[in-house]
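Student: Can we go through the packing in this one? I'd like to hear the reasoning behind the labels.

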Amino acid sequence: MSVQTPPTLEKLAIQSLLRNEDVAMSSLGELPAVLFPALFKEAFTGNHINLVKEMVAAWPFPCLPVGALMKTPNLEMLQAVLDGVDMQLTRKFHPRRTKLQVLDLRNMHHYFWNIQAGEEDSSCSAENSKDKKVVKVLHRYALRKRVKVIVDLYICSCLKEEQTCLLKWAQQRKGSLHFCCTKMKVWNLPVCDIGEILKVFDPQHITELELHTEWTLLELAHFAPYIGQMRNLQKAFLAPLHRIMFSNSNGIRDIEAKCIKKFISQFSKFNCLQHLHMFCVHFLGDHMNQVLGCLMTPLETLSITYYLISQKDLDSLSCSQSLFQLKHLDLRGVVLCDLDIMPLRGLLEKVADTLETLDLQWCRMTDSQLYALLPALRHCCQLTMVNFYSNNFSVPILKDLMQHTAKWSRIRVEQYPAPLECYDDLAQVSVERFAELSSELMYTLGVIRQTKNISFATDICHTCGQRCVYHNGSRLCCCWH
């Protein structure tokens with residue numbers, strides 16, 4: 001028979017205050033600070049709107065990371081928090097007690113709610129180490145009177161109620177509070193609307209940006225200066241930015257060229273960029289050397305995916321110094337079969353001591369191209385993941401590749417294409433042949449070194465959209481069931 005631990009005196013006190021909200025609200029001025037975090041957490045999760053509002057106004061610590069408690073959107077509780085900040089601005093509620101300097105609305109874990117009573121006052125830093133830079137920026141404003149409000153914004157043309165509420169509230173109070181957005185994701189929003197938001201949320205505080213839009217190049221050029229103001233940007237994800245339009249007019253082509261040049265020039269203003277992801281950015285064709293040449297800091301991640309790469313673009317990879325410390329290279333969907341692969345070999349040679357992940361899925365490389373890469377690949381001893389799915393390799397070249405991987409002691413995930421010998425003249429997979437050759441190749445690699453997670457996969461089936469995968473046995477696509 002188990003013995004239930006009786007509630008602590010603190011827990012009993014909090015339960016009593018929650019049952020008597022009027023008493024709780026009237027006694028906040030005398031309530032010990034150590035009780036505030038636990039009482040607030042219970043009040044917030046229990047939807048005690050009025051108590052939450054009063055507690056925000058009387059908050060006795062420098063930081064209130066309330067976003068960590070917002071696991072699901074709740075318009076009423078968000079409004080209560082914002083109303084509490086408004087109450088504090090009137091300076092009529094416990095003015096000597098209130099210490100609030102930072103209201104953190106980001107939905108992320110925060111140590112504040114886990115640390116022991118009595119330590120909260122000194123801790124206002126978030127869990128992720130990459131946010132330390134942002135926190136340092138906050139300290140510059142600690143001596144000012146304005147409360148700093150930190151958010152992550154995920155905005156599209158159809159805003160949720162909570163987003164609309166927050167943006168409207170921020171717009172109306174941009175003169176009395178300091179607003180800071182650290183991560184911004186944008187889907188199909190007009191440039192003018194983003195511009196209005198960035199008048200409230202200073203672009204220099206944005207460390208991560210995702211753009212999913214279909215603008216014209218002229219619209220992209222109008223947005224370019226805003227990107228240039230994001231000087232502390234660490235991670236950028238640029239999805240299809242340009243609505244493709246075809247024109248034979250020399251005048252229009254000149255205008256588009258100026259728009260592209262204006263956009264590219266903003267890359268030279270990034271002082272902290274480490275991760276650059278570009279998806280279907282076809283308008284940058286033949287301009288990749290300019291993009292990479294503008295960068296002021298070495299990249300850790302370069303992802304150029306589903307992009308119609310030119311030889312000129314590929315050539316730029318081996319001579320761009322910003323890439324020489326890469327840890328992650330992703331060229332998924334960049335078709336290389338008709339290009340001279342030697343520039344990619346040159347890049348791999350330069351990053352052999354740092355590269356950890358390599359994704360060449362859907363590159364449609366041939367045997368001769370892989371053969372050209374082998375001398376560089378054998379020295380990439382820091383690799384933990386490689387993906388060669390959907391390339392056109394035969395059994396002999398795959399065995400040759402495996403012979404060159406003896407130094408891959410850190411590799412955890414390896415994904416190889418089903419060899420060409422698995423397909424018939426109509427490009428149909430022979431299931432028996434696929435299983436036989438995959439098993440043979442897996443045995444070959446096992447003799448060379450220890451393997452952890454290795455798989456072979458066919459091209460995607462045009463009927464069901466799945467692959468046949470061999471990983472300790474065959475897993476066939478739906479068409480074979």
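Student: What makes a set of residues count as a nonpolar core, and which members touch the most others in the largest one?

Tutor: A nonpolar core is a set of buried Ala, Val, Leu, Ile, Met, Phe, Trp, Tyr and Cys residues joined through side-chain atoms within 4.5 Å. The largest one here has 146 residues, and Phe40, Leu302 and Tyr416 touch the most other members. This is a predicted model: local features need pLDDT of at least 70, side-chain atom pairs count only at pLDDT 80 or more, and totals for chains, interfaces and linings use all residues. Residues are numbered from 1 along each chain as its sequence is written, and side-chain values use heavy atoms, leaving out hydrogens and water.

Student: Why is Phe434 called buried?

Tutor: Buried means under 20% relative accessible area (exposed is over 50%, partly exposed in between; 1.4 Å probe, protein chains only). Phe434 has 0%, so buried fits. Tyr470, at 12%, is therefore buried too.

Student: Why is the pair Phe36 and Trp59 called edge-to-face?

Tutor: Rings of Phe, Tyr and Trp (its six-membered ring) pair if their centres lie within 6.5 Å; planes under 30 degrees apart are stacked, over 60 edge-to-face, the rest tilted. Phe36 and Trp59 come out at 5.9 Å centre to centre with 80° between the planes, so edge-to-face it is.

Student: What makes that pair a tie between separate parts?

Tutor: Phe36 lies in helix α3 (residues 36-45) and Trp59 in the loop between α4 (49-57) and β1 (63-64), so the pair ties together parts 23 residues apart in sequence. Helices (H or I, at least four residues) and strands (E, at least two) are DSSP runs, numbered from the N terminus.
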